[in-house]
Amino acid sequence: MDAFRSHRGTLATLNRANVDTDQIIPKQFLKSIARTGFGPHLFHDWRYRADGSPNPEFPLNAERYRGASILVARNNFGCGSSREHAVWAVLQDGFRVVLAPWEERGGVRVPAFADIFRSNAGKNALLTVELSAPEIEEIFQLVDRFPGLEATVDLDHQRVTVHLPEEVSFHFEIEPAVKERLIHGLDDIGLTLKRDAAIAAFEARHDPQLARATTR
Amino acid sequence: MSQTLFEKIWARHVVETLPDGTALLYIDRHLVHEVTSPQAFEGLRLAGRRVRRPDLTFATMDHNVPTDDRQVIRDPISAAQIEALARNCREFGITLYDLHSDRQGIVHIIGPELGLTLPGTTVVCGDSHTSTHGAFGTLAFGIGTSEVEHVLATQCLPQRRPKTFKVEFANRPKHPVSAKDLILKLIGTIGTAGGTGYVLEYAGEAIRALSMEGRMTICNMSIEAGARAGLVAPDETTFQYLAARPRPFAPQGAVFDQAVASWKRLSSEPDAQFDRSLTIDAAQVAPQVTWGTNPGMVVDVTGRVPEPGSVPGYGRADVEQALAYMGLTPGTPMTSVKVDTVFIGSCTNARIEDLRIAAGVLKGRKVAPGVRVLVVPGSQQVRAQAEAERLDAVFQEAGCDWRQSGCSMCLGMNPDQLKPGERCASTSNRNFEGRQGKGGRTHLVSPEMAAAAAVAGHFVDVRTWAAN
């Protein structure tokens, strides 16, 4: 896997909550047996009109976001289907980072990203960064006021820095295991294969049909 | 400490705890379909890796398959994907239930039919609706393609332990309120991200009273509440279901009896602690209909299309966008919303019981003029059973289209799609924009409600029919 340490790029905002993976990459593009070619179809049904021309009403088509590589989204980004094609599409359209807010509802913390999307992103070096709702709101407003606004996302220091005349920084939390793998670009499968002896020992004592210790 | 059902299954499957604190979890069954697997097999080839346990890996094609003439796949890209799965299964020695097999069907429907889904085991599949299998007390969750490759290569997955969430459905729902209404009610209550990071355990009198089919419907839609997995503790209903038909991969004879003895210990201890819990009174739940573009946007059938700004958990703009897409005006009674299409199918509601219920509503009635009704059994086994019971005749006499098995119009990867602006009463699981076809408008309902909408041409409170 590619490593992720730090990335500086232009911010683009998508002001919709609960963006599902059917919107990120519609089903007609899931028939490919390749891992590439999804970038042009990111947000396809929002991005293009029926005749295939860019939809001027879709915010990410705006000139000011050309070349943007940090997507700022709303809560519950990537919900729905497990399709990893959604992560591939985000990456292949040039994004390296997605920022989204966790929210508190009825005393419960609602995570910024859907579970499977977040997991898939981690396997592909697409960094998902969770900030608080007021922090994401502040970034939305800054992007609105300053076209072409850039930020640096520094995974080592777990910090997002927005490059205004005076820099504004936000700290973020990340699972240590995910951070470690991203920074070193580790091959997950390779790591598990190194545990072969432990897996074989487990298999010798585990009956997968009944999921219990074997009596052999 | 007293364990929850989830903790018992988890503990049995931890190969080891890794230095970073995640668990290496053993996978007992890996189900594979054509859409999320080709890149995983390609990854194995590129790295020179083999499938560690082809004997624990089972495949079928379901997403792309035509439901009319299944021997002729007109879309060459779909055909290529289906052929790729067949090739990969041959190359890596994996059992495949292909389009010629009488065991083919939607992956989450054939798993339980084959006896692959068993209490206390772990099941994964590159499909978010893998949560379905949790109905058997199976820890089952959807994974992405990188994880599919990981399981193929190692039969394990490094996983962070999720939190636990007990959802109790107290009392019994009032007929004909069904499992689908209960799960839609839950999603409407906690939102589509309310279960993110949790494994849900469904409990309470309503769950105990449900058939396995109903429990599968509930667990299936756990992911629509954000939860990767849902669980129901196995009981006599589960054991009878597993014993009732020949299930080639289920234990047989004396081994089955031994298995039942151990399965009976698979429940949460009375004093086990959950990270979160919630109780819903099932007796108070009305038939549900979604009005928006995610499954949390749902109301009682007696309700109205909501005003923007009045829906808890959704901002004004969210509701305005959803209503604009759905072509609905605030204040409209749900029962006056007309439908063009009815889809009875999907891994949520295409098991035999679902078809019996829909047929019960349609028997002796006719589909409203101009309404197209697709009835798509979840598997070839369900189809054969339905035909043995002459349900196909009931559907056809009512004016429905009786199809071959597959995912079909749940996501329209095959030719079964809505046209722009078409409105559909659907027994499936997602009402996302474009899900059933670009511009199509989906309302999620139970099989009872879908069949009644087919006859009336608009949504009806099916409770008023049941009383007649």
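Student: Which elements do the buried residues of α3(A) pack against?

Tutor: Let's begin with the helix itself, in what is a predicted model. Helix α3 of chain A covers residues 85-92, and six of its eight residues are buried, so the rest of the structure largely encloses it. Those buried residues are A:H85, A:A86, A:V87, A:W88, A:A89 and A:V90. From chain B they pack against α2 (38-47) and α5 (145-154), and from chain A against α1 (21-24), β3 (97-105) and α4 (115-122).

Student: Which residue with a positive phi follows α3(A)?

Tutor: Look just past the end of α3(A) for a phi near 110 degrees. The residue with that positive value is A:G94.

Student: Now to chain B: are α9(B) and α10(B) roughly parallel or roughly antiparallel to each other?

Tutor: Two packed helices are described by the angle between their axes and the distance between the axes. Here α9 (residues 236-244) and α10 (residues 253-263) of chain B have axes 11 Å apart, at an angle of about 160 degrees. Angles over 145 degrees count as roughly antiparallel. The two helices, α9(B) and α10(B), are therefore roughly antiparallel.

Student: How many residues of the contact of α9(B) with α10(B) are nonpolar?

Tutor: α9(B) passes α10(B) in a right-handed crossing. From α9(B) the contact uses B:F239, B:L242 and B:A243, and from α10(B) it uses B:F256, B:V260 and B:W263. None of the contact residues is polar or charged, and the nonpolar ones number six.

Student: What is the handedness of the crossing of α12(B) and α14(B)?

Tutor: Start with the geometry: the axes of α12 (residues 352-362) and α14 (residues 391-398) of chain B come within 9 Å and cross at roughly 40 degrees. That angle makes α12(B) oblique to α14(B). Their crossing is left-handed.

Student: How many residues in the contact of α12(B) with α14(B) are charged?

Tutor: α12(B) brings B:I352, B:L355, B:R356, B:A358, B:A359 and B:L362, while α14(B) brings B:L391, B:V394, B:F395 and B:A398. These divide into nine nonpolar and no polar, and the number of charged residues is one.

Student: Which are the edge strands of the five-stranded sheet in chain B?

Tutor: This open sheet has parallel pairing and runs in the order β17-β16-β15-β18-β19. An edge strand here pairs on one side only, which picks out β17 (401-402) and β19 (441-444) of chain B.

Student: And which residue in β19(B) stands opposite B:S426?

Tutor: Strand β18 of chain B spans residues 423-426 and pairs with β19(B) in the parallel sense over four bridges. Opposite B:S426, in β19(B), stands B:L444.

Key
Residues are numbered from 1 along each chain as its sequence is written. Chains are lettered from A and ligands numbered from 1 in the order in which they are written. This is a predicted model: local features need pLDDT of at least 70, side-chain atom pairs count only at pLDDT 80 or more; totals for chains, interfaces and linings use all residues. Side-chain values use heavy atoms; hydrogens and water are left out. Two strands pair if DSSP finds at least two bridges between them. Axes are lines fitted to C-alpha atoms, for helices over the stretch in contact, and angles run from 0 to 180 degrees between N-to-C directions. Angles under 35 degrees count as roughly parallel, over 145 as roughly antiparallel, 65 to 115 as roughly perpendicular and the rest as oblique. A crossing is left-handed if the near helix is turned anticlockwise from the far one by less than a right angle, and right-handed if clockwise. Contact means heavy atoms within 4.5 Å. Ala, Val, Leu, Ile, Met, Phe, Trp, Tyr, Cys and Pro count as nonpolar, Asp, Glu, Lys and Arg as charged, and the others, Gly among them, as polar. Buried means under 20% relative accessible area, exposed over 50%, partly exposed in between (1.4 Å probe, protein chains only).
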